[in-house]
Structure formats: C-alpha cells, structure tokens
Amino acid sequence: SRTLNSHVVNAQLGYRLTSRINSNLQSHYYYSSEIERNGALKTLSVGGGLQFALARSLVASVNASYQDQISRSFSVQGLDISRFSAHAGLHYTWPSRRSARY
C-alpha cells in the first residue's frame, strides 16, 4: 500500500479479415516507481486473437498473450514473471426480445 508514479501505454488494433472472421492485436506497457524508494516495476504484455462467427448468435474465439514483468528494488518481492497463456472459447448471445410496446 504505497503511492506509485505510473506510466501506462496501451495500443489495440482490430481488423475484419472476412465477413465472418475478425482479428485483434493488443500491447500494454506499464512502468511504476515508488515515491519513497527507488524501486520500479516494469510490465510488458502483448497478445492477439481471432474471432469466428459460426452463426448469428454464436462466436468461437482463440486468443494468446505473453507477459513479462521485472521488478528492481521494489518493496514487494516475488513479482518477476514471464508467462505465455492461450485460451479458446464459444460465446453465445441470446437474441433480443422485441416488446410490443416499441
């Protein structure tokens, strides 16, 4: 529970490949330094994915990301990580109900 000076840079890009396939890329950079101490925490995360429209209300997706976090003289220890993650999913959206009043 300390006050940190932080800088954050985010970038996202999406592109429709076909009428049924979308792609996306994202990148995040975080830099935090402690005001009272000279500790710092740097985090870089990059990732991307594809979404496939299988039907009007059904979308399949695959995504992957990489995160690298480095601490230098930071007050909290054990924050250094380097990991890759991937996931896939199905997303169903219930069709909207139309009201007779509108």
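**Exercise 1.** State what share of the 102 residues in the protein is buried, and then place S75 as buried, partly exposed or exposed.

*Solution.* In this predicted model, buried residues account for 24% of the 102 residues in the protein. For S75, begin with its relative accessibility, which is 27%. Next, recall that buried means under 20% and exposed means over 50%, with partly exposed in between. S75 therefore counts as partly exposed.

**Exercise 2.** Describe the secondary structure of the protein, and find where S75 lies within it.

*Solution.* Start with the count, which comes to zero helices and five strands. Reading along the sequence then gives the pattern β-β-β-β-β. Finally, S75 is located in the loop that runs between β4 (58-72) and β5 (81-92). As a further step, take Q26, which is 49 residues away from S75 along the chain, and note that the C-alpha atoms of the two are separated by 29 Å.

**Exercise 3.** Compare the radius of gyration of the protein with that of a compact globule of 102 residues, and give the spans of the C-alpha trace.

*Solution.* A compact globule of 102 residues would have a radius of gyration near 13 Å, whereas the protein has 20 Å. Turning to the principal axes, the C-alpha trace spans about 60 × 35 × 20 Å.

**Exercise 4.** Work out how far apart the mean positions of the positive and negative charges of the protein are, and what carbon and sulfur atoms supply of the area that the protein exposes.

*Solution.* The protein has 11 positive and 4 negative charges, and their mean positions lie 26 Å apart. As for the surface, the protein exposes about 8000 Å², of which carbon and sulfur atoms supply 55%.

Conventions
Residues numbered from 1 in each chain as written. Predicted model: local features only at pLDDT ≥ 70, side-chain atom pairs only at ≥ 80, totals over all residues. Heavy atoms only, no water. Helix = DSSP H or I, 4+ residues; strand = E, 2+ residues; numbered from the N terminus. Rg over C-alpha atoms; globule rule 2.2 N^0.38 Å. Buried < 20%, exposed > 50% of the residue type's maximum accessible area, 1.4 Å probe, protein only. Areas by Shrake-Rupley, 256 points an atom, 1.4 Å probe, with all protein chains shown as cover. Lys, Arg positive; Asp, Glu negative; His and termini not counted. Charge placed at Lys NZ, Arg CZ, Asp CG, Glu CD.
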